[in-house]
Amino acid sequence: MSTINRSRRAVVLGTLAALALGATACGSSGGDPLGGGSSASAPAGGSGGSGGSGSTVVVGSANFPENVLLGSIYSQALKAKGVKVQEKFNIGSREVLYGQLQSGNLTVLPEYNGSLLAYLDPKSTAATTQEVNAALSTTLPASLGLLESSPAEDKDSLSVTQETADKDNLKSIADLAAKAGEFTIGGPPEFKNRREQQLKDVYGLTFKEWKPTADTTANALKDGNIQVGNVFTTDPKIAQYKLVPLADPKNIFGAQNVTPLVYKAGVDATATAALNAVSAKLDTAGLVALMKRVSVDKEDPSAVAKDWLKSNGLG
């Protein structure tokens, strides 16, 4: 997949990041999202890299709805504490975003700790939230910092329908061992290459067939075209179609906590406290409910973010 939290690739060459930036700028109807202009929600009175009290904090996001929503939550939480904020959402992939944060052109990004670690260190075996964040603390450059992780996670799952779970008594991925040979599994096109051997080695699973179902995975489960699907845990279709994400006791997928990643020189104690307060309140169930409003009900992410902040005493 092309989203930030699902990208598990090694660090690409700088030239590729530059090409990606150019492509993003050309493809955006609002012009270069990394430049000034109408995309900003506040006057460009400062740089994300200027730091210190009174400077402008530039909040960025990747180009998918959940990350835009999280960026808006961060932005509005900062504004509520009197921080000057500029929004630069829908920028693009991690290759572009990470470089812009390193340069100080962006100050804050909503990240997914496990995916970030996989990007920076593809060989890392860290699995739990604590392990992942400890590894990131030694992997990130000195200019960047990880703030407090939220309990909210958007991570891979192997999901089944409620009917299949009940019929075959499936509660965890380990329970699939007796049935995998009868089941077809679906997911993004790259899922087979990334996970087939790992599922065999860790859980002893050999599926009857693998289908590239991409964004239609949840629908394919509902329609019975597959029996197991790689559905991400904040996908509102999990609740909509009554799907069951199976427990992952051996942490094959690892932690994917929503976590603010910051350019240290651009955030002060007030900004840090505001972002950590968001992390303390944000959980997976809440994020799923918010994403239903954005993806299914087609509500404006900014309005959804405002409601959440107000209901949690942060707006």
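## Starting at T217

Let's begin with a single residue: T217 sits in helix 8, which covers residues 217-223. This is a predicted model, so everything here is computed from predicted coordinates. Is T217 buried or exposed? Its relative accessibility is just 3%, and buried means under 20%, so T217 counts as buried.

What does T217 touch once its neighbours within four places in sequence are set aside? Its contacts are G186, G187, I226, G229, N230 and V231. Another residue to look at from here is I185: 32 residues separate T217 and I185 in sequence, while their C-alpha atoms are 9.2 Å apart in space.

## The five-stranded sheet

I185 leads us to a sheet, where this residue stands opposite V228 in strand 8. Strand 6 (residues 184-187) and strand 8 (residues 228-230) run parallel and are joined by 2 bridges. As a general point, strands of a sheet pair through backbone hydrogen bonds, in either a parallel or an antiparallel way.

In what order do the strands of this open sheet lie? Reading across, the order of the 5 strands is 7-6-8-5-9, and the pairing is mixed. At the edges are strand 7 (209-212) and strand 9 (243-245), each of which pairs on one side only. From one strand to the next, the twist averages 30°. Packed on this sheet is helix 7 (residues 191-203), which touches strand 5 (158-161), strand 6, strand 7 and strand 8. The direction of helix 7 makes about 155° with that of strand 7.

## A β-α-β unit

Now for another part of the chain. Strand 1, helix 2 and strand 2 together make a right-handed β-α-β unit. Strand 1 (residues 57-62) and strand 2 run parallel, with 5 bridges joining them. If you want a spot to check in the structure, G60 stands opposite K88 in strand 2.

How many of the residues in strand 2 (residues 85-92) are buried? The count is 7 of 8, which leaves this strand mostly covered.

## Helix 3 and its partner

Helix 3 (residues 94-103) packs against helix 4 (residues 113-120) at an angle of about 90°, and their axes are 12 Å apart. That angle falls in the range from 65 to 115 degrees, so the two helices count as roughly perpendicular to each other. Where do they meet? On the helix 3 side the residues are R94, E95 and Y98, and on the helix 4 side they are S115, L116, Y119 and L120.

Helix 3 is also largely enclosed by the rest of the structure, because 7 of its 10 residues are buried. Those buried residues are R94, E95, V96, L97, Y98, Q100 and L101. After the helix comes G104, which has a positive phi, near 85°.

## Helix 12 and its two sides

Which residues of helix 12 (residues 301-311) are buried? They are P301, V304, A305, W308 and L309. Looking down the axis of helix 12, you'd find these buried residues within an arc of 130°, so they line one face of the helix. On the other side, K306, K310 and S311 are exposed.

The cover over the buried residues of helix 12 includes helix 2 (65-80), helix 10 (269-281) and helix 11 (284-296). So helix 2, already met in the β-α-β unit, turns up again here as part of that cover. Following helix 12 is G313, with a positive phi near 70°.

## Two lysines with positive phi

Most residues other than glycine have a negative phi. Two lysines are worth a look with that in mind. K242, in the loop between helix 9 (237-240) and strand 9, has a positive phi near 55°. K298, in the loop between helix 11 and helix 12, has a positive phi near 60°.

Are these lysines buried or exposed? K242 is exposed, with a relative accessible area of 59%, and K298 is exposed too, at 66%.

## The chain as a whole

Stepping back, the chain has 12 helices and 10 strands. It has 315 residues, of which 50% count as buried. What share of the contacts between residues at least 6 apart in sequence join residues at least 24 apart? For this chain the figure is 77%.

Definitions and conventions. Residues are numbered from 1 along each chain as its sequence is written. This is a predicted model: local features need pLDDT of at least 70, side-chain atom pairs count only at pLDDT 80 or more; totals for chains, interfaces and linings use all residues. Side-chain values use heavy atoms; hydrogens and water are left out. Two strands pair if DSSP finds at least two bridges between them. Helices (H or I, at least four residues) and strands (E, at least two) are DSSP runs, numbered from the N terminus. Axes are lines fitted to C-alpha atoms, for helices over the stretch in contact, and angles run from 0 to 180 degrees between N-to-C directions. Contact means heavy atoms within 4.5 Å. Buried means under 20% relative accessible area, exposed over 50%, partly exposed in between (1.4 Å probe, protein chains only). The arc is that of the directions from the helix axis to the C-beta atoms. A crossover is right-handed if, with the strands pointing away from the viewer, the path from the first strand over the helix to the second runs clockwise. Angles under 35 degrees count as roughly parallel, over 145 as roughly antiparallel, 65 to 115 as roughly perpendicular and the rest as oblique.
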